[in-house]
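Student: Hi! I have a protein model open and I'd like to get to know it. Can we go through it together?

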Amino acid sequence: MVKPILFSKFINTSVFNFEELHNLYKNHPINDLEVILDGVKHSLQYKPDVEQFANHKYSLIFVKAKEVKETFYNLKKVFELKFPQIKKAKQWDVHIYSSYSGESTSFNVHADKADNVILQTEGLSKWHLPNYFDTTLTTGDMIWIPKGVKHQCIPLNRRISLSFAFWYY
């Protein structure tokens, strides 16, 4: 099995910030927005003001977000150089995960059916990868998580993480 890899300071700047996130929220289709509360994913029935997320323990997910910024396509090209196997992916996407405090919840320990490249663009998040390592990601850090590897993200403060997912089916 391929092992996860941590890259400290993979990039030296944020590639997606809260101002961009708030602008995106206004225009992103509601069907492509989800929230996580107590480890469970929920669809949104309506769009509350984005500031309301700061008062709740939700983490917000933007799915189908690869079209949001040309930078995401450029990052995919960089990741293909770093991890050549993802060139064989039949499908890929970017999911934007945001949390507004260290009280926000995220998924429990789980394994995905995709290879994931996680890039921390704002704030701090702790990553627990049973049988491998625990680490705290800061802006610019990245983790490669191969499909099937169990992991969990624990938001430590206001944060944005980009999850580049690569599926092979």
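**Rings, pockets and two loop residues**

Tutor: Happy to! Let's start with two rings: Tyr-97 is buried, and Phe-107 is buried as well. Keep in mind that this is a predicted model.

Student: Cool. How many aromatic pairs are there?

Tutor: The count comes to 13 aromatic pairs. One of them is formed by Trp-92 and Phe-166, which are stacked, with 6.4 Å centre to centre and 15° between the planes.

Student: Which parts of the chain does that pair tie together?

Tutor: Trp-92 lies in strand 5 and Phe-166 in strand 11, so the pair ties together parts that are 74 residues apart in sequence.

Student: Are Trp-92 and Phe-166 buried or exposed?

Tutor: Both are buried. Back to the rings we started with: Tyr-97 and Phe-107 form an edge-to-face pair, 6.5 Å centre to centre with 75° between the planes. Tyr-97 sits in strand 5 and Phe-107 in the loop between strand 5 and strand 6, so this pair ties together parts that are 10 residues apart in sequence.

Student: And which residues form the aromatic cluster?

Tutor: Phe-7, Phe-10, Phe-16, Phe-72, Tyr-73, Phe-79, Phe-83, Trp-92, Trp-144, Phe-164 and Phe-166 form one aromatic cluster. Trp-92 and Phe-166, our stacked pair, are among its members.

Student: Switching topic: what's the volume of the largest pocket?

Tutor: About 430 Å³. The lining is made of 22 residues, and His-95, Tyr-97, Phe-107, His-110 and Asp-112 lie nearest the centre of this pocket. You'll recognise Tyr-97 and Phe-107, the edge-to-face pair.

Student: Which strand gives the most to that lining?

Tutor: Strand 11 does, with 5 residues. Strand 5, strand 6, strand 10 (152-155) and strand 11 (159-167) each supply at least two.

Student: How do the lining residues divide up by class?

Tutor: There are 10 nonpolar, 8 polar and 4 charged residues.

Student: And the second largest pocket, what's its volume?

Tutor: That one is about 230 Å³. Its lining includes Val-35, Leu-37, His-42, Tyr-46, Phe-53 and Tyr-58. Strand 2 (33-37) and strand 3 (40-43) are the elements that give two or more residues to this lining. By class, the lining of the second largest pocket has 7 nonpolar and 5 polar residues, but no charged ones.

Student: You mentioned His-110. Where is it?

Tutor: His-110 is in the loop between strand 5 and strand 6. The residue is partly exposed, with a relative accessible area of 23%.

Student: What does the His-110 side chain make a polar contact with?

Tutor: The side chain of Asp-112, at 3.4 Å. If you leave aside neighbours within four places in sequence, His-110 is in contact with Val-149, Lys-150 and His-151. You could also look at Leu-129: the C-alpha atoms of His-110 and Leu-129 are separated by 9.5 Å, and these residues are 19 apart along the chain.

Student: One last residue: where's Ser-101?

Tutor: Ser-101 is in the loop between strand 5 (91-99) and strand 6 (115-122).

Student: Is Ser-101 buried or exposed?

Tutor: Ser-101 is buried, because its relative accessible area is 18% and buried means under 20%.

Student: What does Ser-101 touch?

Tutor: Leaving aside its neighbours within four places in sequence, Ser-101 is in contact with Pro-155, Asn-157 and Arg-158. A polar atom of the Ser-101 side chain also lies 3.0 Å from the backbone nitrogen of Glu-103.

Conventions. Residues are numbered from 1 along each chain as its sequence is written. This is a predicted model: local features need pLDDT of at least 70, side-chain atom pairs count only at pLDDT 80 or more; totals for chains, interfaces and linings use all residues. Side-chain values use heavy atoms; hydrogens and water are left out. Helices (H or I, at least four residues) and strands (E, at least two) are DSSP runs, numbered from the N terminus. Buried means under 20% relative accessible area, exposed over 50%, partly exposed in between (1.4 Å probe, protein chains only). A polar contact is a pair of N or O atoms within 3.5 Å; within protein, one must be able to donate a hydrogen and the other to accept it, and residues adjacent in sequence count only if both atoms are side-chain atoms. Contact means heavy atoms within 4.5 Å. On a 1 Å grid over the protein atoms alone, a cavity is a set of points where a 1.4 Å probe fits but cannot get out, and a pocket is an open set with protein on both sides within 12 Å along at least five of seven lines; lining residues have an atom within 4 Å of a point. Grid points are joined across faces, edges and corners, and a volume is the space filled by probe spheres set on the points. Ala, Val, Leu, Ile, Met, Phe, Trp, Tyr, Cys and Pro count as nonpolar, Asp, Glu, Lys and Arg as charged, and the others, Gly among them, as polar. Rings of Phe, Tyr and Trp (its six-membered ring) pair if their centres lie within 6.5 Å; planes under 30 degrees apart count as stacked, over 60 as edge-to-face and the rest as tilted.
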